[in-house]
Amino acid sequence: MNSEKLSAPPPSTLVIASRESRLAMWQAEHVQCALHKLYPSCDVKILGMTTRGDQILDRTLSKVGGKGLFVKELENALADGRADLAVHSLKDVPMELPAGFELSCVMEREDPRDAFVSNHYDSLAALPPGSVVGTSSLRREAMLRMRYPQLVVQPLRGNLDTRLAKLDRGDYAAIILAAAGLKRLGLGERIRALLDPEDSLPAAGQGALGIEIRAGRPELAAWLAPLHHEHTAAAVEAERMVSRALGGSCEVPLAAYATWHDGALHLRGCVATPDGQRVLNAHASAPAPTLAHALQLGREVAGALESQGALDIVRSLSTASGPATAE
């Protein structure tokens, strides 16, 4: 993340690359509005794009190339100058960015928890045995299989509206979604229960928005710097380091969640097998950490998980799934 002071004249035009789903466009418009407030004379435009991740809906992400499918086309637009910045849900951003790109800033986090959504039941515990629960995440699937083995877990792909439509037509008794997306689109009333992080540890970066730019544009990084939220950035960078250090991907049920309490950053990490039969947990904290301390905190939690055998799980799943490349 870049925190350079703004010394250049304010921008006259900025173009935001965004996926075209309703949630992604909300996120882009949220950044557009924030930039308009900072630079009233700037013409901030949105370039809507459809990514491979949006097009392939009949297979899970772990089988078609992972979360990078949601960002590649946006990065192409940055690289060839069609756009200046791209707005991402950080949980969809690969842990290692391609050469030539940087995460310029992280905005203040929305609710990072998972949400239970159902038209007929108030909680996971209330679902009858054999009920079908939909999720797009191996992390959530592992949690469900561990805590509720009597339920049937099935894949759920598509944008937020598509997923809700599948629930409403009866394909699922319940679905698990990120609370942040529902709240951002004014759909908070669809949430029947918020899952406690103790029961469903969030994904690294869940609920936070990141802004990616092409490297070597210090003036752009300076213009974006006022949108950067230090506490959120420290938390999500610690989380992302857990996944990065373990070589995690969407092939692996891996969670990492950091919170601030009394001036200290507390980080929890979890690695599991998809069937929920083996679950590893670790936690650590650091007082008033800098970004460097936050990264070290992530390494510490990753090391604790590694000592319990996390790399064995990661390697076995990566081998079983094959290389994560788009078909």
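**Salt bridges and the surroundings of strand E12**

Asp168 forms a salt bridge with Arg190, with the closest N and O atoms 2.7 Å apart. Asp168 belongs to helix H6 (residues 160-168). Arg190 sits in the loop between helix H7 (179-184) and strand E9 (193-194). The pair therefore ties together parts that are 22 residues apart in sequence. Asp168 is partly exposed, at 44% relative accessibility. The model described here is predicted.

Salt bridges that share partners also join Arg19, Lys91 and Asp92 into one network. Across the whole structure, the search finds 20 salt bridges. Side chains of opposite charge can pair when their charged atoms come close.

Another of these pairs is formed by Arg109 and Glu239, whose closest N and O atoms are 2.8 Å apart. Arg109 lies in the loop between strand E4 (101-106) and strand E5 (114-117), and Glu239 lies in helix H9 (residues 230-246), so this salt bridge links parts that are 130 residues apart in sequence. Both partners, Arg109 and Glu239, are buried.

A further salt bridge stays within one helix. Glu141 and Arg145 are both in helix H5 (residues 138-147). They are 4 residues apart, about one turn of the helix. Their closest N and O atoms are 2.9 Å apart. Glu141 has a relative accessible area of 18%, under the 20% limit, and so counts as buried. Arg145, at 29%, is partly exposed.

Attention now turns to strand E12. This strand spans residues 264-272, and 7 of its 9 residues are buried. E12 is therefore largely enclosed by the rest of the structure.

E12 pairs with strand E11 (residues 254-261) in the antiparallel sense, over 8 bridges. In this pairing, Ala255 stands opposite Cys270 of E12. E11 and E12 form a hairpin with 2 residues between the strands. Asp262 in this hairpin takes a positive phi near 50 degrees.

E12 also pairs with strand E13 (residues 279-287). These two strands run antiparallel and are joined by 9 bridges. Here Leu267 stands opposite Ala284 in E13. E12 and E13 likewise form a hairpin, with 6 residues between them. Gly276 lies in the turn and has a positive phi of about 75 degrees. E12 thus has antiparallel pairings with both E11 and E13.

Definitions and conventions:
Residues numbered from 1 in each chain as written. Predicted model: local features only at pLDDT ≥ 70, side-chain atom pairs only at ≥ 80, totals over all residues. Heavy atoms only, no water. Buried < 20%, exposed > 50% of the residue type's maximum accessible area, 1.4 Å probe, protein only. Pairing = 2+ DSSP bridges. Salt bridge = Lys/Arg side-chain N within 4 Å of Asp/Glu carboxyl O.
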